[in-house]
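Biologist: I'm new to this structure and would like to learn how to read it. Could you walk me through it, feature by feature?

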Amino acid sequence: MRSDDVLLCHVLVIGSGGAGVRAAIEASQYGETLLVSKTIAGKGGCTTMAEGGYNAVLRESDSCDVHFEDTMKGGAYLNDNELVQILVKEAPERMNDLLRWGAVFDVTTECEVAQRPFGGQRFPRTCYAGDRTGHEMMMTLVDRLDSTGVGVHNEITIIDLLKDGDTVCGAAALDRKGELVLIKADSTVVATGGGTKVYDISTNSSSGTGDGYAIGYRAGAELIDMEQIQFHPTGAVYPYDARGRLVTEAVRGEGGVLKNSLGERFMSAYDPERMELSTRDVVARAIATEILEGKGTPHGGVYLDVTHLPRSQIEARLPVMLEQFLKFGVDIRTEPMEVAPTAHHIMGGLRITPQCETTIPGLYACGEVTGGVHGANRLGGNALADTQVFGKRAGEAAGKAGTRQVCIDNAQVDTIRSTLDNYLKGDTNPSHVIRSLQTAMWEGAGIFRTAPDLEKALGIISHLSTIRLKAASPENLAECCIVRNMLLTASLIVRGALLRKESRGAHVRKDVTQAWDPSSSPYRHTYLSESREGIEKEVRE
Amino acid sequence: MKEFTVRVFRFDPEYDEKPHFQTYSVQVSEGARVLHVLHAIHDEHDPTLSYRYCCASGQCGSCAVRVNGEPVLACMEEARDGMTVEPLDLPVTKDLVVDLEPYIASLHPLVPAPEFRMPTPGEVEELKPLRSCIECLACVSACPALKVIDFAGPTAMRQELRLQLDPRDQQDRVTEAVGEGLFTCTSCQACWKVCPKDIQIPGKAIEKLRALANKKGLTLPRHQDVAKLVKDTGRSVVRTETTFLEVLEPYGEVKGTVGFFVGCMYNLRLPQTALDAMEVLRRNGIRVIIPKEQVCCGSPLIRTGQIDFLDTIKRRNIDAFVFRNIDTVLTMCAGCGSTLKHDYKTPFKIMDINEVLTKYGIEPPARLPLKATYHDPCHLLRGQGIKIQPRELITQVVDLIEMPAICCGSGGGVKSGVPDEAAALGEKRREEINRTGADIVISSCPFCEYHIREHTDKPVKNVTTLLLEGYREKDRRAKEQKSC
């Protein structure tokens, strides 16, 4: 490898969703910054698909303390206090950045950003741009990115972090043709988003394959609470090949009601106070239970109904939902939707400090790939805020970090090359491995879990990991690397789920009976790294 | 599960001399989208097929392809057996993947003004429809103008208006848009019709920018001449032929009565075509009233952004028909028809002549031994959704050979304002016409007929003229039989 084959920069940002682009914008103030995306910046990731909104305290009658309490309670008190304090305090400031850069949010007659109620919150603090809030943010962020000096490399897939001793010094990537690209950086920011594509039914875009968890883990970083998977209560069930597609919480925020096949508004049996606007873990379990008890719809969901709302409200506030369902033959103004839970968000992830440092030098992380902000259940509207608050912090910390005298380790590069060569000589279609994995995860590590089911899933993952993946051409090498990452991410989820012998937030262990509620749990984070794993005990005064 | 057989465009510029199509049979579930068919090919048949996708829910704009020639989002369009899937009409990277980046990079970002002001609810409402663009570039693929002239393209114009209307942006986007070819749009509406977000770029962005350009004195001189003519004479063209205006009774039983909105072109330039149409209407039982007070519909003003005295013109036209208690107004100019249907609020119904004749049904004409091709006028096909009716009429007289429906270049003020572009698009029509091997070209719009005549050596005729020729031949044969 000649030195001129290596891209050099001060900050390397991996990922082009809300967190990655925000980090790159910030980092560019401190030095040469590269943003590498496996899709096209602005199109990839899940931010652009986020429909509902962005939580921020903007009114006198609301307060950061209430937002903090809502977030902690919603997260079953597994969240990191300090990270949540930062989230609620800085979300309004980051919203102002977006507004200054041209974001077009809905506004009130007083020209203030409009807000709507979302689940698990005592104040309607979810800011929105119709039901395409994330798209509006991405358009704004990419606009801003264009005005900075950030070098954007699209359709380049990062396959591993590079290390010099204990320090991360950049990353190895594959371009569209399957050529190896090496990038050397003083600081590297992982902003690769989530990974619920490891499940059969998921809301995630093609990029939600958990690459960040996997490359971070392989590089030696520690991850926490990987068992905490948010199943969004409302995913589409038809057409079958598009199952799992997100039906935004805004539908319920605007007044949509859930009914089973008997026409019963069943949430009254699960959370009579908050009804449809209970937290996502509660609503998802309620829907799953109704379906398991045989009260599901013909396509295997429950009904989500907005037909009682004025047509104009549906058209103005839920235009994307209206358009999507019309395409699939359902006019939501006159007919109910059919919905069922779908794997949506990973609350766990890389352990970070308030400065977004991971547990290894040179590596920073922000957005969904991190753990600790959302605890055991994320509130709707907190993820978009998370991307901006911690995206900025990661970019700033990575940018401010000094230059490092680091070298690319040739032995590591040789290992990467030989892994790639083996894929060209493999024998199994990676698409088939993905399908087996997704089924195993949905069956073994879904909404309701038991140790035997989790062990069985882990066994399947271990077996799948021994299969020799085949790259049909060099262009298919990235697919093989991604499948390897999906397998590793899935195993981290299952290992975390086995470590947490309690039900908490989104994680439900049906085989464990416990005498505590979340606020008095004896446990804190589960943790996993190449060198250790376990569950932290709560230290109470 | 069901099985679909599909044709897919394959091309690797590095190894292939030219593209080819490959046919695959795949299994997909009920309701599957085009994207799921591509997944099935990739997962089960050929992992080397390249295609781009990301959100799979119509929100990121990564997966636009052409299905049977029409740009669509692969993730939203329902798959059909026998479909052909091709890349967008943009530089192909490989197979169905096109190079989106240069175009997306060319869209202007917002440049924040020093003073920050939140947009008002009114401004937000204006901005929102312009913001829903997902940059899939279906519109860029479909735009005929940017293939023949320097034009930044439909969504670039949308972005310019989005910036112009935002109080937070500090630059003059109108002048910028003029420099990027604002006046080269022919208003063919192709961009709107393929937009997955239904953004009406010609009407809601380009015409608004042109109106703003007009306020800055940036309207093209030729367009200003037209506006002056309408203001002075009520008409957008100078009379070159004697006009006709009266009440026409049908020959036999009266099946219906319509008011005829003649339009400047048929009134003053191509009156013979209009007279042919009147003859066809009379022969088919339609009573026609032609109010003398009617003036230009205003389309040449709206399309070029010169809307100062538009309301007066609209009032005059509406009154002309209302005072005669007319409940159905017939248009035979596609541009007038589209304008009356979309830019007016009329107390009467507007019907194109093709709609009227197919609604009431026509006396069968004689068949002529000719092969014809039909040019879809943009303002009829996309502007009014009229596709089947003219074909129903034409095929009663002659055999029809189809050609792709692409703008001829005569609309949107381009023929007067940017004649080189109009000519280039006209020449592209010549190629398509020749490819069909037809003897004659039929259309149903005075602008198209007038313009295409300059770009083909085949006769160009209106649908109604063709029908009339069928009737004349029928009468001749009947007379011949009688004399035998």
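Modeller: Happy to, and keep in mind that this is a predicted model. Let's start with a helix. The buried residues of α9 in chain A, which spans residues 319–327, are A:V320, A:M321, A:L322, A:Q324 and A:F325.

Biologist: How should I read a spacing like that along a helix?

Modeller: The general idea: an α-helix has 3.6 residues a turn, so residues three or four places apart point the same way. In this helix, A:V320 and A:Q324 are both on the buried list, and so are A:M321 and A:F325.

Biologist: Which elements do the buried residues of α9(A) pack against?

Modeller: Their partners in chain A are α6 (250–253), α8 (311–317) and β14 (337–346). Right after α9(A) comes A:G329, with a positive phi of about 90°.

Biologist: On to cores. How many residues does the largest nonpolar core have?

Modeller: It has 130, and A:F390 and A:M441 make the most contacts inside it. Helix α14 of chain A (residues 477–499) gives this core its largest share, 16 residues. There's also a second, separate core of 72 residues, with B:M265, B:L357, B:L380 and B:L393 among them.

Biologist: What is A:M441 in contact with, leaving aside neighbours within four places in sequence?

Modeller: The list is A:V198, A:Y199, A:G446, A:I461, A:A490, A:I493 and A:V494. A:Y199 turns up again in a cluster, where ring pairs link it with A:F231 and A:W442.

Biologist: What about a charged residue: is A:E136 buried or exposed?

Modeller: Buried means under 20% relative accessible area. A:E136 has 0%, so it counts as buried. You'll find A:E136 in helix α4 of chain A (residues 133–146), and its side chain makes a polar contact of 2.9 Å with that of A:R132. Leaving aside neighbours within four places in sequence, its contacts include A:G102 and, from chain B, B:R131.

Biologist: And aromatic pairs: how many are there over all chains?

Modeller: The count is 10. Take A:F266 and A:Y270: the ring centres are 6.3 Å apart and the planes meet at 90°, so this pair is edge-to-face. A:F266 is buried at 3% relative accessible area, while A:Y270, at 30%, is partly exposed.

Biologist: What kind of pair do B:F321 and B:F348 form?

Modeller: A tilted one, with 5.8 Å between centres and 55° between planes. B:F321 belongs to helix α13 of chain B and B:F348 to the loop between α14 and β12, so the pair ties together parts 27 residues apart in sequence. Both B:F321 and B:F348 are buried.

Definitions and conventions: Residues numbered from 1 in each chain as written. Chains lettered and ligands numbered in written order. Predicted model: local features only at pLDDT ≥ 70, side-chain atom pairs only at ≥ 80, totals over all residues. Heavy atoms only, no water. Buried < 20%, exposed > 50% of the residue type's maximum accessible area, 1.4 Å probe, protein only. Helix = DSSP H or I, 4+ residues; strand = E, 2+ residues; numbered from the N terminus. Contact = heavy atoms within 4.5 Å. Core = buried A, V, L, I, M, F, W, Y, C linked by side-chain atoms within 4.5 Å. Polar contact = N/O pair within 3.5 Å; in protein donor to acceptor, adjacent residues only side chain to side chain. Phe/Tyr/Trp six-rings, centres within 6.5 Å; stacked < 30°, edge-to-face > 60°.
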